[in-house]
Amino acid sequence: MDNTIEVFLFGEFKMCYQGITLSQSDIHSDILTKYLTYLLYNYKDVVKSQRLDDVLWMGEDLANPKNTIKNLMYRLRKLLKTYWPNTSFWLTRHNGYVLNPQLNVVLDTS
């Protein structure tokens, strides 16, 4: 089975995996789309929660940014499971998230 995720960032966001496409209009949340886009764009790195907070809210003071990021990851995992129930995309690492090493990403920005 092909473990390549194709990601289209130009125009409307799209994520294609195993013949199924998730588009921006399927997500129904701008912040969740930004979150997923940032994670996929930085798939080679462990993306730290603090960095996500800085990028997504650009210095706004959130009451509890760590919990907000955790909540977004919960929502993202739940969404992805509806499309790909047998795939774990994101692994939790100390203070951050990393793409499952069994997956490959191809971005249209490359």
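This dialogue walks through aromatic pairs, backbone angles and a sheet in a predicted model.

User: Which rules apply to this model before we start?

Analyst: Residues are numbered from 1 along each chain as its sequence is written, and side-chain values use heavy atoms, with hydrogens and water left out. The model is predicted, and local features need pLDDT of at least 70, side-chain atom pairs count only at pLDDT 80 or more, while totals for chains, interfaces and linings use all residues.

User: How many aromatic pairs are there?

Analyst: A pair of aromatic rings is described by the distance of the centres and the angle of the planes. Rings of Phe, Tyr and Trp (its six-membered ring) pair if their centres lie within 6.5 Å; planes under 30 degrees apart count as stacked, over 60 as edge-to-face and the rest as tilted. The count here is four aromatic pairs. In one of them, the centres of Tyr-17 and Trp-84 are 5.9 Å apart with planes at 70°, so this pair is edge-to-face. Tyr-17 sits in strand E2 (residues 14–17) and Trp-84 in the loop between helix H4 (65–83) and strand E5 (90–93), 67 residues apart. Helices (H or I, at least four residues) and strands (E, at least two) are DSSP runs, numbered from the N terminus.

User: Which residues form the aromatic cluster?

Analyst: One cluster is made up of Tyr-17, Tyr-83, Trp-84 and Phe-89. Both Tyr-17 and Phe-89 are buried. Buried means under 20% relative accessible area, exposed over 50%, and partly exposed in between (1.4 Å probe, protein chains only).

User: What is the phi of Gln-18, and what is that of His-28?

Analyst: Most residues other than glycine have a negative phi. Gln-18 is not a glycine, yet its phi is positive, about 50°. His-28, also not a glycine, has a positive phi of about 65°.

User: Is each of them buried or exposed?

Analyst: Gln-18 counts as partly exposed, at 37% relative accessibility. His-28 is exposed, at 70% relative accessible area.

User: In what order do the strands of the open sheet come?

Analyst: Two strands pair if DSSP finds at least two bridges between them. Here three strands form an open sheet in the order E4-E6-E5, with antiparallel pairing. Strand E4 (47–48) and E5 are at the edges with a single partner strand each, so one side of each has no neighbour in the sheet. E5 and strand E6 (residues 96–99) are joined by four bridges, and Trp-90 stands opposite Leu-99 in E6.
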